[in-house]
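The following exercises concern one protein model. Each task is followed by a solution in steps.

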Amino acid sequence: MHSLPGVVAVGYINEAIDEGNPLRTLETLLLPTANISDVDPAHAQHYQDVLYHAKSQKLGDSESVSKVLWLDEIQQAVDDANVDKDRAKQWVTLVVDVNQCLEGKKSSDILSVLKSSTSNANDIIPECADKYYDALVKAKELKSERVSSDGSWLKLNLHKKYDYYYNTDSKESSWVTPESCLYKESWLTGKEIEAFWKGYKQRKEYMHRRQTFIDNTDSIVKIQSWFRMATARKSYLSRLQYFRDHNNEIVKIQSLLRANKARDDYKTLVGSENPPLTVIRKFVYLLDQSDLDFQEELEVARLREEVVTKIRANQQLEKDLNLMDIKIGLLVKNRITLEDVISHSKKLNKKKGGEMEILNNTDNQGIKSLSKERRKTLETYQQLFYLLQTNPLYLAKLIFQMPQNKSTKFMDTVIFTLYNYASNQREEYLLLKLFKTALEEEIKSKVDQVQDIVTGNPTVIKMVVSFNRGARGQNTLRQLLAPVVKEIIDDKSLIINTNPVEVYKAWVNQLETQTGEASKLPYDVTTEQALTYPEVKNKLEASIENLRRVTDKVLNSIISSLDLLPYGLRYIAKVLKNSIHEKFPDATEDELLKIVGNLLYYRYMNPAIVAPDGFDIIDMTAGGQINSDQRRNLGSVAKVLQHAASNKLFEGENEHLSSMNNYLSETYQEFRKYFKEACNVPEPEEKFNMDKYTDLVTVSKPVIYISIEEIISTHSLLLEHQDAIAPEKNDLLSELLGSLGEVPTVESFLGEGAVDPNDPNKANTLSQLSKTEISLVLTSKYDIEDGEAIDSRSLMIKTKKLIIDVIRNQPGNTLTEILETPATAQQEVDHATDMVSRAMIDSRTPEEMKHSQSMIEDAQLPLEQKKRKIQRNLRTLEQTGHVSSENKYQDILNEIAKDIRNQRIYRKLRKAELAKLQQTLNALNKKAAFYEEQINYYDTYIKTCLDNLKRKNTRRSIKLDGKGEPKGAKRAKPVKYTAAKLHEKGVLLDIDDLQTNQFKNVTFDIIATEDVGIFDVRSKFLGVEMEKVQLNIQDLLQMQYEGVAVMKMFDKVKVNVNLLIYLLNKKFYGK
């Protein structure tokens, strides 16, 4: 560790180095406190240069913590400079002594001069002294002849950085270029001198060795022959014994080598831009479909159908249960009749039992079950939905053509159905393409400022979040948050309350409970008043400390689980960031990451933390709920994380929490890294290994499960908005819609005879039939069809299949060579055998996975005919630019190699999908079981209500049969108010076209009808009756639940919904 005086000296030295003044640097080096040794004042300039270079290197080193030279580094630099000084002196001595010897023609002194002036005297050969002298004399004479004027300065360059100058006349030396410097060019330099004696030494050694070999050639040949023979024999015997001793290991090595060769071949197939035919031939067997492939395909299709059906059933049950929650909540407050609750309960039980069983067990009808006249229409629908599924621009435009409430329902049903709730890789890929296209369209057309994404409620963002919260039953949020949320809920001692007024009131209540006496403290206080009490401050600080500790746990759970975040959500975050940056190029990185945070944290995670019971984060029993303290704890954590994610500090009404602002800033930096890394995901094409040809090479065709009602609804919407989404008449969508014609009814869709025209319940029957699900096998209008013209893509596929058949049985290094070489009889036999085997496999192939008839016919052709057909197809493809004969049709071989790679990847993905679908189905079954448990709980509750009513034999505001009031029951008297009085109470807000001073001339009579909860309201102006409306207390409560604060009566009177409910309760129910 450096002493204080030494540190001061270091500062002075570094300042002098930076100034570039050698004298100043010398003075600082000679300071006693610096304690630098071996400083020679004559070489101040060189010290300055070496020290400056050392400091420059240190400044350029990014890993160096300190940017100044310390004493040990300064001493090292001084020592290096002294070494340079000694080397320069040695060089001067050599050059001066040798040249003076040559000028004085002292040949006898050359040996002593060279030995005394070189660093290694042993390198000088005495026998060569005369040769040294003669060669140096000739070199000097030759050099002198080329010099017209000669100076007195010698120059030496050290380390290619420093120049040393020496004057042979004045004996003066310098580290800087002297004024009027003329070099002594007639003298030999040090390098030239050393080159002569080193060259002579090496040449002499070589000649001596060579002469020895020449003199003993015969002996040397014999020795070499004998030695090679003995060495070879010994090596052979040793190797042979080694092989015998390690026979098992050698077998393993050979196996490993073969495996490595196969691996290298596969790497060539995967990594090479143009894999050779010889490598492709080794792996074409991977394209064969085995029985296991077909079994797995069928199992995937079955599970996918079950998953989609179960999702739809659970979604409907969830909606009905939510509505039941509201109705029971209103019943508890005596706001609706028990009859309404019982009616909805019967619907629930019906869905739980019969309807759901039918929905789950229905044999979904496909194209083969329809009448012949409807087949063509359904085929067109299959092509229409394939086009919508694979071209996201149509649906993206359609979403924004509809009102938001209608588009939300459309997205929740039809769109997710169209993509099978992303139940496999293909559908997830296509759904993400739709999300991307729609989001880019929304940002382009509807976002005017960067903050609009945060302050508004973008349709696509809402759709993405809703889908990724577990539409498929795979609640990633549960894995992400369940452990830490459950820990917070289970901690009974944890109390987090950061509201000073609530803390104050709880403290007062505690005092009164402990003492049994009324407290003299005021009960109603402001935030500022509450914070004046030390007890409140202490409790608040304890809550803040608990809050910080618990928030850290939740934050760490989020940050450490980035891999659990759904890929689709991360990709949309990336699209959102890039799209906003593209539209607003001046937006900062912080602004962009805040928008990403708004999606990933605020919209996706925050609600699940606040209400984990509502998002299936934790397991809840029927009737169970989170208490207020637990809810407040979770809400407090969510509030802190929300502020941190948006980099918003506690200010204003939250000023009492300002002590957490530093914590918020630190947490934001963690979130910032998290959001940035979350956007670092590959494109869907790379992630799912998909491209435009994928559907053409997969075994099974895509299938969706959709109701007739949804088909008709989609058709209707497309026709309604056709001008906006497909304005061109030659557009594919317009062409398909033209083929379909007008929107069919359910009856016309099913065809004649589907419904009995004399059925009295025909409307109800048709309504039930409209919900029938059918399976559509999606196909492109331009797929390969028997006997029809095929496009170049289809021709490419057929040609590839023929090439694969040929290269299996006929060898060759290039495709051209194989096609031009006639097949042998044995090759034809082998090929025929292979085709028979394939025909047996095809006979076991499920109907929906079979190839087209034209492909089957091609497969039965002999080898030579296949080759001729390949040649014709290749010529056609060359004309369209798909292949080229110049590179021996390498393009189509590359496509085959790509198919092999994709087939392997597809098999792996299919196995993963099977496991994923099974996991999803299990989760959905658990969810369905929970809903059934909830329905049973509600049944028990309603039965209890009925039993209580029978015992009390009274109805009050609850009505059982809807036949009016019982005898003897008194109806409430009418209530009469002027508009001015209602305006004073705040119930009436405004009357169109009427001044406030005229309100006294308007009266309202509110009369309770015989139906409980129904009120007639009559209005009069100057005693003249004007209009009458009917109010339903249930409708008012529903509006209050949905957050509607103001409603209109008589189309001109604006009233406060909350205060109107209060008035009715007070006047008619005594509440």
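**Overall architecture**

The protein chain contains 42 helices and twelve strands, where helices (H or I, at least four residues) and strands (E, at least two) are DSSP runs numbered from the N terminus. The model is predicted, with pLDDT of at least 70 needed for local features and 80 or more for side-chain atom pairs, while totals for chains, interfaces and linings use all residues. Residues are numbered from 1 along each chain as its sequence is written, and side-chain values use heavy atoms, without hydrogens and water.

**Exercise 1.** Characterise the burial, contacts and surface of the protein chain.

*Solution.*
1. Of its 1071 residues, 43% are buried, meaning under 20% relative accessible area with a 1.4 Å probe, protein chains only; exposed is over 50%, and partly exposed lies in between.
2. Consider contacts, defined as heavy atoms within 4.5 Å. Among those in the protein chain with a separation of 6 or more, 71% join residues 24 or more positions apart.
3. The accessible surface is about 58,200 Å², and carbon and sulfur atoms contribute 50% of it; the areas come from the Shrake-Rupley method with a 1.4 Å probe.

**Exercise 2.** Describe the backbone and setting of Asn 35 and Lys 888.

*Solution.*
1. Most residues other than glycine have a negative phi.
2. Asn 35 has a positive phi, near 60 degrees. This residue lies in the loop between helix 2 (22–29) and helix 3 (44–60), and its relative accessibility of 65% makes it exposed.
3. Lys 888 also has a positive phi near 60 degrees. Its loop runs between helix 38 (863–879) and helix 39 (890–952). With a relative accessible area of 45%, Lys 888 is partly exposed.
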